[in-house]
Amino acid sequence: MSFTAVVSGETAITARGPLKEAAERVLGRLWIDQVPVRLASEDASLWPSAATAGVEGRPLCWPGQPGPGRAVLERAEQLRARAREDGLTDVVLLGGGAPARAAELIVRAGGAPAPDGRGSLTVLDGPDPGPPLRLREDPERLNRTAFVVTGGDPATEALREVFAEALREEGLSPAGIARRFVTVAEPRAAAAGHAAEAGHALVEAPAPTAFGALSPYALVPAALAGADVGALLEEATAVLPSLTRPEHNPGLVLGAILGGAARAGRRTAVLGGYPAALPGIAGWAALLLREAARGRLVPVVQDGGLPLQPDDDLFLLTFDGRPHQDDATVAGPLAAQLVVWEYAAAVASYLLEADPLAAAERPAPMTLDDGTGEPLFADGDPGQAVEARTAVPALAGASGLTGLLDALAGRVGRGEHLVLVAHLDPDEARGQGAQVRRLAALLAARCGRPVRVDWGTRPPATGNDHPDGCVYLLVTGNVVRDVPVPGRHHTLGMLQLARALGDARDACAAGRPVVRLHLQNRWAGLARLLDAARGDI
């Protein structure tokens, strides 16, 4: 089964074997239900949340539609010109979810930053103190950085206050600080109110959803970082006619592959496989599917670790790589893939009876109860030990890290996967990112199942945050150098730990197996975890 659509460049969707058969079974239903026409016309009856938003008069970010981005294009260009006038070449995006990762992808696809690091986009979607500390302690970089706020959760607001305070310490006036911030928000959102109070530039946008790759939430920060978003929108617009035709419709075919596979029992989509022409696209597509499919389809990025042997409940989808039997491939230029993937995620959600537009951010309560009980043991020397907790009786008898990881790996059965949630510093070069990904690969080899890596960013609530088949390993760690939140009684580290404990408690309440490992020293603890996962201790 091979489908190819020539749009802006070439977008090719290919599937073989069981995926081909699963897609063919549902394509007819999609046309009978007029899904392509209804998506193109933004038919609110497709999903309950869309109908509710229509009654309330709230426009939503709709899958694959460049209209909202085009509406703010002139405003984005004005803000970029103002930023360059002020000497601002770098952008820090305070916000999360699929739109934030799309912005990162767009900037990365536009070329590497200058040799001195200028022209970069950094996404901060969690409250770990490490990234803000590094920026605050680099005055040259801080003084050339603009901040774009797209989130409305407590962590995003805390980061906004932290950076505003850092700029005050650099001697900027209130007016000077205000010129450094741009907020993208729905007019009625709390973030819009904060922007008005502080005098920050406000770019109005539809209500945020997972489908924001071509919305102001992604395009405004990308434009400020130097991306040619006007050209991107032109290329995206050229894709739209291919999504309304009955044959060689790339979005419909990809959605049928994803949704058909999940309906046939292949609920785990492993994304990656070969070096992609678009670095970062697998991570964005995985987050898009996670937010849109509501747990009915489980995306796992390959760099988190693949099982040793394939299983009939999962499939491998590669980007710009050669196809393999029983697998699928997607190839095409960036603008086309942004449109096609959002369209496909909407189609898959329809087939799986999910409501992809119902996402809404939720705060993590400040709590000390994570539902995992008292510590089982502390493995290692005082001050550098790894403290283990779990309320799962079958795991609680383990006497050390190696035994606990063995028991945890044995708990991940067919149709399940391990979720490694790291409430740590995700930076690959200066944080704990590389070590966590190595740990994921070792755990995947141990359990023979996919391992998904999350960074404790607590994405918008999906209505099914902890679906069947998830086994959780949460890793937290002591903070050596913390960052106070101005005007609050807590620090970023405290907010991060509260978020982690809330995640663990929610997963336990949903009946999912949860192990939490707390590192008294992050670097030493991760080294010990890697040794335990290799069986060296």
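Reader: What makes helix H9 roughly antiparallel to helix H20?

Author: In this predicted model, H9 (residues 154-169) and H20 (residues 492-509) pack at an angle of about 170 degrees, with their axes 11 Å apart. Angles over 145 degrees count as roughly antiparallel, so H9 is roughly antiparallel to H20.

Reader: Which residues make that contact, and how do they divide into nonpolar, polar and charged?

Author: H9 brings Pro154, Ala155, Ala158, Leu159 and Val162, while H20 brings Leu492, Leu495 and Arg499. Seven of the residues in the contact of H9 with H20 are nonpolar, no residue is polar and one is charged. Arg counts as charged, and Arg499 of H20 is in the contact.

Reader: Why are H19 and H21 called roughly parallel?

Author: Helix H19 (residues 433-447) and helix H21 (residues 522-534) pack at about 20 degrees, and their axes are 9 Å apart. Angles under 35 degrees count as roughly parallel, and therefore H19 and H21 are roughly parallel to each other. The crossing in which H19 passes H21 is left-handed.

Reader: What do the two helices H19 and H21 bring to their contact?

Author: From H19 come Gln435, Val436, Arg438, Leu439, Leu442 and Arg446. They meet Trp523, Leu526, Leu529, Leu530, Ala532, Ala533 and Arg534 in H21. The contact of H19 with H21 has nine nonpolar residues, one polar and three charged.

Reader: Why are H14 and H16 called oblique?

Author: The axes of helix H14 (residues 250-263) and helix H16 (residues 334-351) come within 7 Å and cross at roughly 40 degrees. Roughly parallel needs an angle under 35 degrees, and roughly perpendicular needs 65 to 115. The crossing at roughly 40 degrees fits neither range, so H14 and H16 are oblique to each other. Their crossing is right-handed.

Reader: Which residues of H14 meet H16?

Author: Among them are Pro250, Gly251, Leu252, Gly255, Gly259, Gly260 and Arg263 of H14, and the partners in H16 include Val340, Trp341, Tyr343 and Leu351. The contact of H14 with H16 divides into twelve nonpolar, four polar and one charged. Gly counts as polar, and Gly251, Gly255, Gly259 and Gly260 of H14 are in this contact.

Reader: How many aromatic pairs does the whole structure hold?

Author: A search finds four aromatic pairs. Phe147, Phe163 and Phe181 form one aromatic cluster.

Reader: What is the pLDDT of the chain, and where is it below 50?

Author: The mean pLDDT of the protein chain is 88, and 89% of its residues reach 70 or more. Over residues 3-9 the pLDDT is below 50. Where pLDDT is low, the predicted coordinates should not be read in detail.

Terms used. Residues numbered from 1 in each chain as written. Predicted model: local features only at pLDDT ≥ 70, side-chain atom pairs only at ≥ 80, totals over all residues. Heavy atoms only, no water. pLDDT = per-residue confidence, 0-100. Contact = heavy atoms within 4.5 Å. Axes fitted to C-alpha atoms, helices over the stretch in contact; angles between N-to-C directions. Helix = DSSP H or I, 4+ residues; strand = E, 2+ residues; numbered from the N terminus. Left-handed = near helix turned anticlockwise from the far one by under 90°. Phe/Tyr/Trp six-rings, centres within 6.5 Å; stacked < 30°, edge-to-face > 60°.
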